[in-house]
Each structure stands twice: as structure tokens, then as C-alpha cells.
Amino acid sequence: MGSVFGHILDIRLFGINPDSTADQTALIQDAINQAATLRKQLYFPNGTYYIKADDNPLNYPDFLRDSGGLALQDNSDLLLENDAKFYVIPNNKKQYNLFRIYNKKNAKIKGGILIGDRYSTEKNGITGEWGYGIAVSGSENVYIEDVQSIDMWGDGINLQFAEPDTSTYLDCKNIQITNIHCYNNRRQGMSIESGIDVIVQNSIFEKTNGTGPGCGIDIESASINSTVKNVIIQNCVFRDNASSGVLIMSRVDGASVLNCKFENNQDLEGQLKLYSNIGNIKIFGNTLIGDGIKAGGASLINGSNIQFINNTIKNGILKIVTINNGSNNEINITDNFFSSDFSFWSPFFTDGSHEISINFRNNVIDYRNVSDLSNSIGLNLSNITNSNFTDNKFYNIIGINVIGSNNTFKNNIIDKTSSTSIVVTGNYNIISGNRIINPCYIYDVYAVFNLDGNFNSVFENTVEKTISTVSQNLVNLSSTSKGNSFFSNISYPITINIGSTDPSNYFKIKDNLPAASIVGKAGDVKKDNTDYYLCVESSELDDLGNITQNAIFKQIV
């Protein structure tokens, strides 16, 4: 063994040459073992270190094995200078570990550049995706800091469970990743397939490409034998990855993505994607910037207790979907800002085969920079129930389209809609206290409100106009609707179109109604003293314009 200086051992004292192009795996492994036994920090100066990362003679995806590369021990502490470069010696294997931490406690790697073999000729014709820069399996109290991991055949960093025997499964616990840079890795920047109490912070994940999933970070339980719980991703950057910047899916209980930046990640469903059998997820304070071509925003697919708060989405969407008998419930979407420079998908929409419950409050959707609204909709909400949409602000959108029941739309500001401001298809919905400005300013033949369903209530809304080309129709009611109520709305529009004559519909109209006349069409309203009358059957005229049958009016209660 070489000399010991204080608490640090220099690898050159073990006969290791930092400028060698030879395989020094065995020498470095011996130094790691001795330093851990003595509880000393092992120091690697700037230089090049070539490592045989594989030692399995067979070419199969045995990615849970405790072999290959450099193995940290209990109490290992490696200090790598910033320009200490560790190269994977090129191989024709599907799997390898440049560094591995398997069923260990209290291990640390700080500094260095780890370089994989994805472009070597040995990889010609090779499949697989399990070549890792750092593989942590079933270990506790692991700290990785100031590391660059690039060009790996699989992941820059991988957290996985360990299986030391056929009946034992060990999860990673208390893992802290700080100031790392995962660049141009083939499968993932980082995978968290097992982990309890994991923190990833102040790091960059970019240009993952080559094979799926292709994410910056994939948080996904490897199997029913592994646990992923209490994961925090904070102050990180995700850009130019082939798929999502962050993917959270499959048996994840508790994950937070906080104050991160997402830019130009290419998954069609979103730069941030939550998918399948997850719960207790917090997405807070993030910025997601799309390019106007891909989805650009975030997708929430099959989850529970999801908090999406104080995020900014530019040139992207927020999509909530239920599929494959999944569910979305207890979703809180508050204090977010949506904007776009492009006309494309709805900035927020829901879809799916099962009902979705949402609290959508105090959000801003601002499309004032978009000149062509032909392809966008403010909110397109399908199959929602027991949801609340309150205190939001919408600027320059097509409108809000709702399919569902038992929902409340209250105290929102909707400033400029090119078409119908609020379309409701469903039952027992409440639309109240909203301020609507310049509705239907492009399609002015449409109504401000369109109702197709039963027992919906529209009341105490205010409709204003500051431009001339806006709707003159306040409400349209489908012919099969019943039990709806429409009252105490203050507005400039002068007509309503009541397709249904069912007496259970209750209408009380206020302000600016036409004078009484025996000439009218269905939906017209006339006033006689203080009473209002609705035309339920149109007048008929002959070819000369003479009245052949008077319109039939019924009093509006």
C-alpha cells in the first residue's frame, strides 16, 4: 500500500498512472478497497483512466449483477478532480457498470468525467441498453456530486434494487445526487427504478437519445419487488432529450419536481409526463418551454393526489387523461401561467374513458400573442365530474368546452373568445359569477353560452363588449334539454335561442329585451310591462311578407 497523508490517499501512491492508456481496473480496485478499509478518501488527479466496465463473458441483460467496472465498498469516498476522465474500454456487451455501488452503505463519488463507449466500433450490431456510468443497487447513504456522465450505452446514472439472493430484495435508500451533468446517454440521463428518500438537485440532463425511453430522468419502479418513494427533483435543467425531460410512472408513491426548467424535450405527450399507477405527486414552480411543434407541456395520465402548482408553460399544453381502466382524482391545478406564440393544441384539456376530478383555480391562460385561433381551444374538458374551475383568467381563446356533470365554473374572467365562450354538455353544472368580455368576436352568430343537458344553472354572470363584432345571442339551449335555469345575468345581448320548450326549464332574463310583438321567431323574448315572454313558436309569413300565423309567446317566470 502507498503512503497515507492525513485523511486522503493519492492513487499515484498505489502505482496508478493518471496518464496511462492501459487497463488499470485492478490497480484502482485495490486502491478503492484499501481506502475504504482505512476509511480514507481516495484522490484521483486530472488524467485518463481506462476501465474494463464489463466482466461477464456472456452477452445478456443481467443488469442486476454485482460485477464489472469499479466497485465501491462500505465507507468508500472517492474524490475525482474535475478533469479526471474515466473511459469505458470499448466492449461488445449489452451491459456494463463503469462504477457500481451494490448493497453498500455510506459511499461517495465527487467530481470527474465518465465517458461511455456508445460510438465505439465494438457496439456495431449490438442491442441492449444497460451500460451505466454509475450503477447504484440496493445501497444506502450514497452521495454523488459534481460528476459528468456522457455517451453511456444505457444510463448516465441508474438506481436499482439489489437481489443478493433469490428471496432478498434491497431498495436504494437515502440517495443524494448534486450538480451532475448527464449528456448524450443512449437510454436515460438517469433512471430511478428503486429509491426511498432520493434527492436530485442542481443538475443538468440533456440530449438523451438512441433507444427508449429516452428521458432526462425516468422515475419508475423496476418491478413489484422494488419501491420508489419520496423522490425530490429540484433546481434541475432538462433539455433536448428524445422523450420527456422527466417521466414518472409505475408504482411511484411520492415524488416532487420543483423549480426545474424544461426546454425542447421531444415526447409528443409532454416534456413532463406522469403516467400509470402513481400518487402523491407535486409539480411546483417549474418552467416548460416548447417549440410550437411538439406538445411542449405536461401530461397527467392515471394518477391520484397530484398537485400542479405555480408552473409556467409556454408554447405547450397541460393534458389530463385516463386510459386502460385508470383514474385521475384529487388533481389540484392552481396558480399556473400558460402562454403561447403559436396557434396549436388546446393549452389545457382532458380526455379518457373514466371520470376526472379537478380543482382548477387562479390560473392564467394568455393567448394574446396568437393571431390565428383556428386550431386552439382555451379549455377542452371531456368526462370531468365534481370539478371546480374558479378565479381563473383567460385571454384570447376560442372558448371553454365542457363535457361532464356536477362541475362549477365560478368567478372567472374570459376576455375575448372567438367562438362560444362556454359550451356545456352534461348535467347539474353551475356557471356563476363569471365576467365575459367580447364573446364570439370572430363567429358572432354563436351564443355566449351553449347548454346541452339537464338541470344546469347559469346565473349572475356579466357579459360585456368593447368591440362591435361580437355575439348578439346570450344563450342557446338544445331541444332535448330540461330542468335548466338561466337568471340574473347582466349583459348587452338581446336575443336568446331556446331550442327546448320543456316547461321545466326556468328562465329569468334581465336588461335590453325587444319590445312586444306578434311577429317573432323561436327564442325571441318580448316584454309586457314588467313581464317577459319567450317565443316558443315562430310567426309565419306569406311571399309578400304578410303574417299568416302569429308567433306564440309564453311567459318567462
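**Note on a predicted, strand-rich model**

1. In β40, G404 is the bridge partner of I384. This bridge belongs to a wider pairing: strand β37 (residues 379–385) and strand β40 (residues 400–405) run in the parallel sense and share six bridges. Strand β37 is largely enclosed by the rest of the structure, because five of its seven residues are buried.

2. The model under review is a predicted one. The mean pLDDT of the protein is 86, and 83% of its residues reach 70 or more. Two stretches call for caution. Over residues 1–5 the pLDDT stays under 50, and the model gives this stretch 11 contacts beyond four places in sequence. Over residues 509–517 the pLDDT is likewise below 50, with 24 contacts in the model beyond near neighbours in sequence. The reader should keep the pLDDT of these two stretches in mind when looking at their contacts.

3. What is the overall make-up of the protein in helices and strands? The protein has one helix and 57 strands. Of its 557 residues, 55% count as buried. Among contacts between residues at least 6 apart in sequence, 68% join residues at least 24 apart.

4. Strand β29 (residues 298–309) has nine of its 12 residues buried, and is thus described as mostly covered. Strand β29 has parallel pairings with two other strands. With strand β27 (residues 272–284), the pairing extends over 10 bridges, and I283 stands opposite F308 in β29. With strand β31 (residues 318–322), the pairing extends over four bridges, and here L300 stands opposite I320 in β31. A general point helps in reading such strands: in a regular strand, side chains alternate between the two faces of the sheet.

5. How many aromatic pairs does the model contain? The count comes to 12 aromatic pairs. One of them joins F238 and F262 in a stacked arrangement, with 5.0 Å from centre to centre and 20° between the planes. This pair links distant parts of the chain: F238 lies in strand β23 (residues 237–239) and F262 in strand β26 (residues 261–263), 24 residues apart. F238 has a relative accessible area of 0% and is therefore buried. F262 is also buried, with a relative accessible area of 0%.

6. Why is the pair of F360 and F389 classed as tilted? The ring centres of F360 and F389 are 5.5 Å apart and their planes stand at 35°, so the pair is tilted. This pair, too, links distant parts of the chain, with F360 in strand β35 (residues 356–361), F389 in strand β38 (residues 388–390), and their positions 29 residues apart. Both F360 and F389 are buried.

7. Aromatic rings also appear in two further settings. F44, Y49, F86 and F99 are linked into a cluster by ring pairs. Elsewhere, the charged end of K123 sits over the ring of W153, at 5.3 Å from its centre. The charged end of K273 likewise sits over a ring, that of Y275, and is 6.0 Å from its centre.

8. How many disulfides does a search of the whole structure find? The search finds zero disulfides. C260 is accordingly in no disulfide, and the nearest cysteine sulfur, that of C236, is 4.8 Å away. Because a disulfide requires sulfur atoms within 2.5 Å, this distance of 4.8 Å does not qualify. C260 is buried, with a relative accessible area of 3%. C215 also counts as buried, at 0% relative accessibility.

9. S191 lies in strand β18 (residues 188–192). Is S191 buried or exposed? At 1% relative accessibility, S191 counts as buried, because that category takes in values under 20%. Leaving aside neighbours within four places in sequence, S191 is in contact with D155, I157, N158, L159 and D218. The C-alpha atoms of S191 and A222 are separated by 9.7 Å, although these residues are 31 residues apart along the chain.

Note on methods
Residues numbered from 1 in each chain as written. Predicted model: local features only at pLDDT ≥ 70, side-chain atom pairs only at ≥ 80, totals over all residues. Heavy atoms only, no water. Buried < 20%, exposed > 50% of the residue type's maximum accessible area, 1.4 Å probe, protein only. Pairing = 2+ DSSP bridges. Phe/Tyr/Trp six-rings, centres within 6.5 Å; stacked < 30°, edge-to-face > 60°. Lys NZ or Arg CZ within 6 Å of the ring centre and 35° of its normal. pLDDT = per-residue confidence, 0-100. Contact = heavy atoms within 4.5 Å.
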